[in-house]
Amino acid sequence: MSKNNERHYYLEALKKAGLEYEALSRAESVDYLANLKVKREYWFETGKAMVVWKNSQLASRAEGIAAEKNARFESIKVKLIDMGWDEKDFPMSNKEFRNLVLKHQKLTPKIWQTIQPKLEPLLQTSRTERLESEKMLRRLSREGAIRKFYRQIGREIMDLPFENHRLSDFPPGTGKIFALPSIKLIVQNDTETVEEAQWIEVAPEVKLLVVTWWRGCLKRLVDSVDNPATSPPEQTVKDEDPTSSKAETVEEISASIEALRERLSVATTIFCCKGVYCGRKIWWFPDFIRHGSSYHNCSDMEEISTQFQPLERDGQELVKRLLNDLNLDPETVKASDDIIKDQSQTKFLCTRCDERVAKYMSFIDLIEHYLEAKKWFDSVTEAVRNSPDSCYPSRAVNSELPKIVNDHDWLSHDASLVRQDDKETQDAVLQLQDDFRKAGLTDPLCDTKGIGGEDLEKNRWREILRCCLLCPRSFAPYPWPTGKIELHIRQKHDKEPDLEKDTTLEKFYSANHCPW
């Protein structure tokens, strides 16, 4: 019965029941409704039982069909295995194969003779594909084992005191390794994997390639340090070809690598990170490789060489001067020594800064302090030379430009650059600085009401801050208290400060602010 006919039947039945109900008296209508309720419950229970019976029959039939299909499949499987086929060769994803072996029909000799010629091509195709796939998987397994051994050799030869997953990509690409004749032979040998004994036989050839590459990397770093004004190292020297070397052994190359590492490990061999947002710019070997691979995601030595540049000769001279002032031999101090490695040693004081405002720093911070001062001086000098009117737009015509002094010049002056204080001296200096800052509150414009003792530290905002007018605005220091701005004028401009003419209470913040 269609849905439309079914709907019509129910409508007519409902109309008929309604007419019958209206023709009955009140007493008869009660009995009529009671009978309808009984009939409805009977029909419901009967229909429910019929559905259960039907589903049971269908399930029973489905089980029977499934059992017959399974019996047919088992019979065919036995025959195929007897013929030499493997169950792994059965292409169960192939619809044609499934229709032949899982058919709802008992397997008879006549049916077997009919389907056997149809099954064998399908089985042969499946077997060929399976064998090719297994062969490829074995090859991938061998290549994976070789890569694992290769990464281990790379780590051993580079001998870096830290771990990073990107370091595995630093040695020459595996394409060069798989091009080696001995490695080609292992890859082509159709075994499940590469055993360690097999790898030991070919490892010397691989080691020669890696040590040659690593020596080339270290040579380029040393050359860049010795000639910092030349092009980036990766553009000036090509990788060494291990096949063209003069019959050098792995041991001989390893010895030269140690000499290069020794050259790179001295404290005066410094590399500067080009990262804009790096909190630390100064690095030594091999820590700059760790920083480049972890912080800047460098995945090979070329990217490392692009990210870092060696400190120029002036900077190298600075480090030598600092070490000499600390009574240390620049030729013997290593990057691994505590003075370099231990950044918690903030006990070095710049002697070019006024003691009343100087900060105790680590050795790394001290180097960056001097380099930052030189960078500022060079930048402001160039800006004033190229465009004095834009640097000082309000100056009178033909008036003399303010003097700017490089008070942290370590090349033209022999005076000491740094000193290392003991605890007693440090305490005395810190007390001197605290007294100096308190004295700054004597500025006539400063509201000192209610300030005293610890309250001084809590009310820094009450200090009067001034900006320097002798510096070009884009190179001026941040707003500083009166005492500190006076020291700035004496040191950076070599004159006695005139607060009314040389400073302003207007606050502005320079992009290239003057460091202290």
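**Helix packing, sheets and salt bridges in a predicted model**

In helix H6, which spans residues 181–188, the residues Ser182, Ile183, Ile186 and Val187 are buried, where buried denotes a relative accessible area under 20%, exposed one over 50%, and partly exposed a value in between (1.4 Å probe, protein chains only). When H6 is seen down its axis, these buried residues fall within an arc of 135 degrees, so they line one face of the helix; the arc is that of the directions from the helix axis to the C-beta atoms. Helices (H or I, at least four residues) and strands (E, at least two) are DSSP runs, numbered from the N terminus. The model is a predicted one, in which local features need pLDDT of at least 70 and side-chain atom pairs count only at pLDDT 80 or more, while totals for chains, interfaces and linings use all residues. Residues are numbered from 1 along each chain as its sequence is written, and side-chain values use heavy atoms, with hydrogens and water left out.

The face of H6 that is turned away from the buried side carries the exposed residues Pro181, Leu185 and Gln188. On the buried side, the residues of H6 pack against helix H4 (109–158), helix H5 (174–178) and helix H7 (196–226), contact being defined as heavy atoms within 4.5 Å. Helix H7 is also the place of Leu209, which counts as buried because its relative accessibility is 10%. The C-alpha atom of Leu209 is separated by 55 Å from that of Tyr478, the two residues being 269 residues apart along the chain.

Two sheets are described here in turn. One is an open sheet formed by three strands in the order E5-E4-E6, with antiparallel pairing, and its edge strands are E5 (360–361) and E6 (418–420), each of which pairs on one side only. Two strands are taken to pair if DSSP finds at least two bridges between them. Strand E4, residues 348–350, pairs with E5 in the antiparallel sense over two bridges, and the bridge partner of Phe348 in E5 is Met361. Another open sheet is formed by three strands in the order E8-E7-E9, again with antiparallel pairing; here the edge strands are E8 (480–481) and E9 (503–504), each pairing on one side only. Strand E7, residues 465–468, and strand E9 pair in the antiparallel sense over two bridges, with Thr504 in E9 as the bridge partner of Cys467.

The structure holds 23 salt bridges, a salt bridge being a side-chain nitrogen of Lys or Arg within 4 Å of a carboxyl oxygen of Asp or Glu. In one of these, the side chains of Asp226 and Arg263 meet with an N to O distance of 2.5 Å. This pair links distant parts of the chain, with Asp226 in helix H7 and Arg263 in helix H9 (residues 250–264), 37 residues apart. Asp226 counts as partly exposed at 28% relative accessibility, and Arg263 is likewise partly exposed, with a relative accessible area of 30%.

Helix H9 also takes part in a salt bridge between Glu262 and Lys334, whose closest N and O atoms are 2.7 Å apart. The pair again links distant parts of the chain, since Glu262 lies in helix H9 whereas Lys334 lies in the loop between helix H12 (313–325) and helix H13 (338–341), 72 residues apart. Glu262 is partly exposed at 43% relative accessibility, whereas Lys334 counts as buried at 19%.

A salt bridge within a single helix is formed by Asp427 and Lys423, the closest N and O atoms being 2.9 Å apart. Because Asp427 and Lys423 are four residues apart in helix H16 (residues 423–439), they are separated by about one helical turn. Asp427 is partly exposed, with a relative accessible area of 38%, while Lys423 is exposed at 58%. Elsewhere, Asp89, Arg127, Arg130 and Glu134 are linked in a network of salt bridges.
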